[in-house]
Amino acid sequence: MNSIVQRLNRRMRYFLHRRERQRLLEEEMKFHIESAMADLKEQGMPEADARSAARRKFGNVSQKSEESRAAWISLWMHDAAQDACYALRTLKRDFGFAAFVILTIGLGIGASTTVFSVVRAVLLRPLPFAEPSRLVWIANTDVDDEGLSGQTVPVGHFLDLRSQNQSFSDVAAYSPFYRSGDNKLTGDGEPFRLTSVAVSDNFFSILGVKPLLGKTFTAADCQFKWNAPKVVLLSYGLWKHRFDSDRRVIGRPLKLNDTPVTIIGVMPPTFDFATVFAPASPVDLFLPYPLTEEANNRGNELAMLGRLKPGATLQSARAEMHVLGPRIQRREPDRNFRPIVSNLADHVSERLRPAVLVLAFAVSVVMLIVCANLSNLLLARMATRQKEMTIRASLGARRLRLIRQTLTESIVLSSCGATIGLVLAVVGTQAITHLTTLDIPLLAGVRVDFDALAFTAAIAILTGLIFGLIPALQVPVAALQDSLKSTGRGSSPNKSQAWIRSSLVVSEIAFACVLLAGSGLLIRSFARLLDAKIGFQPENATALRVDPSSRYSDRAQRIAYYNEVLGSVRAVPGIEAAGLTDVLPLGGDRTWAAMAKGRTYTKNHPPPWAFVRIASDGYLKAMGISLLEGRDFTERDGTPGKPVIIINETLARTLWPGQKAIGQVLVGAGYVDREVIGVVSDVRHLALEQASGCEMYLPIRQSNDYSAVDLVFRSALPSAELAVPLRSALTAIDPTLPANDFQPIQQMVDKAISPRRYVVFMLTGFSGFALVLAALGIYGVIQYSVTQRTQEIGIRMALGASAAGVQASILRQTLALAAVGMAVGLFASWGFSRTISSLLFNVAADDPMTFLGTIVILAAVAALAGYLPARRASRIDPIMALRVG
Amino acid sequence: MGKVKLKSDLMPGTLDMLVLRTLTRGHLHGYAIAQLIQQLSEDILQVEEGSLYPALQRLELNGWIEGEWGVSPNNRRARFYKLTPEGRKQLNAEKERYRQQTYAIARVMGTT
């Protein structure tokens with residue numbers, strides 16, 4: 001073994017220094033000829049004769065040097081090329097076989113490379129920032145809820161941490177509480193809705209991102225009155241599409257939400273905030289976040305990231321935060337500060353990791369099935385090529401040479417397949433990156449790059465080796481058989497080969513079983529999720545952003561605006577219900593403490609935190625949220641008027657267990673006591689998979705604490721038909737109202753389930769492919785054994801076995817194989833399903849229905865695959881079979 | 001007795017064996033190896049001298065001999081080859097193979 005490595009090593013070295021060696025070899029030969037000439041001259045030969053004699057004796061110099069060089073370089077390459085040509089010729093003869101193999105490998109490699117690109121983009125490739133491994137995510141754990149409010153900090157905590165820590169060279173923040181289309185751009189052209197994110201002044205510098213044009217924010221830019229930033233940065237996309245890539249935009253004034261702002265810079269195309277921090281909602285604008293005392297009063301609004309100082313580690317930073325957090329909190333004891341530090345890349349990919357790993361695992365299993373299947377196919381082909389092999393062996397081909405030949409053939413096959421696979425992967429990755437609605441971080445970076453190419457090449461060779469190895473090792477066995485004499489039929493079946501083929505099929509079935517069970521579990525989860533009681537009815541509901549313009553400066557004016565909007569929208573024919581809200585389901589997750597009046601809460605018995613919705617009358621009906629008790633808001637629930645509130649079942653149960661909630665008084669929502677007037681069903685606000693938690697609805701006419709207003713209406717009419725009358729109804733009220741986003745609620749739900757949908761989709765595709773391959777594998781093996789046993793079957797039938805009996809015995813043989821495969825497979829799936837339990841929803845990892853279904857499907861497919869050969873066997877004419885034998 | 005042309009008339013691998021054998025006498029350059037084979041075989045074995053060089057490359061690649069540049073007695077740069085321990089092992093294996101072959105051939109020739 002060692003000598004092989006050494007030889008390879010030497011060969012490499014010779015090859016690398018081939019020029020030099022060539023020169024030295026020539027020098028060596030020249031020395032030889034001249035020495036010979038000198039000797040001849042000494043013996044008295046004249047110089048000219050001596051020279052020609054020496055030359056003659058030496059032979060053809062250039063031919064010899066060619067032969068010498070062959071020793072170190074081209075011999076093996078030459079052989080490989082010869083083998084490849086031979087392989088191509090053989091495959092051309094056997095076109096159907098080649099096409100099938102290449103296509104199978106193509107599909108397998110296409111899937112593998114696509115999944116590899118996803119794995120690489122989501123899990124492996126570093127984040128597109130400077131020294132990304134030093135970047136950390138600093139989450140707060142304010143309350144034990146999963147809302148963003150629990151993970152974020154107020155301005156004060158952020159500033160304290162930034163100035164007091166020893167671990168980070170800098171700490172930056174952004175406010176994750178922004179919504180798609182929060183801002184209205186007016187001025188040149190149509191009014192337009194934009195999405196913006198507010199960031200601290202050092203946000204770009206901590207990431208190491210430089211602006212394409214202009215400059216980024218300064219500390220002074222972050223000092224302004226709430227909601228009145230003076231400067232903005234454009235994203236590359238907005239600059240390109242809205243400003244035609246005009247380099248003179250710097251310094252240009254804009255009207256954002258009716259307030260003048262100045263453009264100070266444009267970010268580069270490589271900086272895609274959304275793809276890292278908030279997938280599926282592209283960001284158009286960056287605003288400074290006010291780092292002021294006023295903003296501090298707004299509560300937890302900032303998500304933080306830090307850059308580790310040289311020398312600091314994740315552990316040391318964690319240790320420091322453990323001490324520093326409580327110390328900072330002492331300034332504001334009500335606002336918990338328990339920072340948790342994690343690697344930024346881990347934070348970003350955390351949610352997706354299990355799903356992506358499952359896909360990677362699934363695709364490797366598919367590749368193994370592909371290999372097993374092709375191995376089997378090649379084995380069968382090998383059997384028919386025994387004669388060829390024997391002839392070549394008897395003509396002097398060595399065993400190793402023949403093995404190499406067959407391996408070259410399989411590698412040629414897999415390389416052809418890889419070419420198809422690559423095309424599929426390019427198509428696949430492009431399809432994935434164009435799924436902008438997909439809620440998966442870093443997906444925009446999925447592409448077939450150099451690494452993916454290298455991966456494809458490696459996997460092509462590896463696949464070729466794996467599936468070619470077993471058939472190739474059969475070479476000597478095949479050659480040793482005296483098959484030249486035999487007519488190809490009637491020679492006794494090769495026991496060990498039959499055994500190998502059966503085990504290959506068993507492993508195929510086992511692998512297919514694992515995939516089927518896994519995707520079965522996920523499909524059932526998906527179905528359960530679609531059936532889940534989400535608490536609202538997305539179909540037929542549509543949202544439209546109708547934020548009051550800043551011209552309405554006081555509450556009375558805004559209420560008048562709302563009344564007008566609701567009145568005129570409800571007057572449009574076909575509208576069944578309409579209402580206003582500040583947060584749509586699956587959107588925001590602001591939480592406030594909610595306390596029952598008269599109860600005391602302490603640190604050890606904290607009040608529950610409830611999601612806050614500001615809504616108008618009609619919202620519940622428009623969104624399809626069912627009112628369980630009490631009444632909806634009315635127009636009279638305003639100021640002056642009694643402060644009221646509607647709560648969900650969970651909050652009612654939490655605050656007043658076993659009591660009637662209607663009529664009780666709730667403290668904390670907007671610092672006034674509110675009487676509970678209604679109880680509604682729980683709405684899945686965070687994610688469809690997550691239970692709702694506590695929720696409360698405040699009347700929009702009694703609150704100022706909202707930053708956006710959505711009109712939600714319900715209508716059976718298609719939105720295209722409603723758009724015109726609705727727009728004209730609204731334009732009459734506010735001509736600057738941008739009407740570019742009618743957002744069907746169903747679409748939002750679809751977006752929320754999109755990652756799961758795609759995982760299920762891909763996994764189902766993989767298992768379907770696996771099932772077809774397994775079926776072909778079974779069919780091949782049974783068919784082969786029937787062919788081998790033609791005579792035996794003929795004899796049996798001549799002796800009185802019925803056609804049905806023969807059929808049954810072959811089906812039994814098939815099902816026995818399938819049963820062994822399933823037994824192994826079920827055992828493996830049992831382990832596998834545990835690892836995917838985090839992806840399951842309302843389905844147990846050992847869900848009996850799924851496993852039963854897997855068994856039934858596999859058994860049915862196996863029976864079908866065995867039935868065709870069995871039928872053929874039962875039609876064997878005993879006389880013919882015996883005569884031929 | 002006619003002359004036997006090496007490479008074309010001998011069994012494959014014989015030249016390699018002969019080269020290894022001559023190198024047991026010490027470090028030699030290509031020309032000296034050719035001369036020595038010819039002399040030792042009493043001029044029966046005529047090495048087509050150029051064929052020596054592919055053989056030398058092959059042997060060196062296999063790690064059986066090692067080439068090294070040095071200076072010839074007539075003061076010229078020449079490549080000297082020496083046997084490595086592996087080469088010595090290989091030579092013994094070849095010798096054994098050769099012994100069996102000649103024995104087998106002799107048997108066949110003797111019985112007819």
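# Exercises on a predicted two-chain model

The mean pLDDT of chain A, where pLDDT is the predictor's confidence in each residue from 0 to 100, is 82, and 91% of the residues of chain A reach 70 or more. Over residues 483-493 of chain A the pLDDT is below 50, and this stretch has 13 contacts in the model beyond near neighbours in sequence, a contact being two residues whose C-beta atoms, placed from the backbone, lie within 7 Å. This is a predicted model, in which local features need pLDDT of at least 70 and side-chain atom pairs count only at pLDDT 80 or more, while totals for chains, interfaces and linings use all residues. Residues are numbered from 1 along each chain as its sequence is written, and chains are lettered from A and ligands numbered from 1 in the order in which they are written.

## Exercise 1

Describe the largest nonpolar core and the surroundings of Ala512(A).

**Solution.** Start from the terms: a residue is buried if 20 or more other C-beta atoms lie within 10 Å of its own, exposed if 12 or fewer, and partly exposed in between, with C-beta atoms placed from the backbone. A nonpolar core is then a set of buried Ala, Val, Leu, Ile, Met, Phe, Trp, Tyr and Cys residues joined through C-beta atoms within 7 Å. The largest such core has 101 residues, and those with the most contacts inside it are Ala512(A) and Ile778(A). Its largest share, 19 residues, comes from helix H15 (residues 353-384) of chain A; helices (H or I, at least four residues) and strands (E, at least two) are DSSP runs, numbered from the N terminus. Leaving aside residues up to four places away in sequence, Ala512(A) touches Ile369(A), Ser767(A), Ala770(A), Leu771(A), Ala774(A) and Leu858(A).

## Exercise 2

Determine whether Thr104(A) is buried or exposed, and find its contacts.

**Solution.** Thr104(A) is located in helix H6 (residues 95-124) of chain A. It counts as buried because 25 other C-beta atoms lie within 10 Å. Although Thr104(A) and Cys371(A) are 267 residues apart in sequence, their C-alpha atoms are 9.5 Å apart in space. Residues up to four places away not being counted, Thr104(A) touches Val370(A), Asn373(A), Leu374(A) and Leu773(A).

## Exercise 3

Compare the end-to-end distance of H28(A) with its expected span, and locate its kink.

**Solution.** The expected span of a helix is 1.5 Å times one less than its number of residues, so the 27 residues of H28(A) should span 39 Å, and the 37 Å between its end C-alpha atoms agrees with this. A kink of about 30 degrees lies at Tyr867(A), shortly before the proline Pro869(A), the bend being the angle between axes fitted to the seven residues ending at a residue and the seven starting there. The buried residues of H28(A) include Phe851(A), Leu858(A) and Pro869(A).

## Exercise 4

Identify what is unusual about the phi of Asn842(A), and place this residue in chain A.

**Solution.** Most residues other than glycine have a negative phi. Asn842(A), though not a glycine, has a positive phi of about 60 degrees. Asn842(A) sits in the loop between helix H27 (803-835) and helix H28 (848-874) of chain A, and it counts as partly exposed because it has 13 C-beta neighbours inside 10 Å.

## Exercise 5

Describe the side of chain B that touches chain A.

**Solution.** In the contact between the chains, 16 residues of chain B meet 22 residues of chain A. The largest share of the chain B side, five residues, comes from H3(B).
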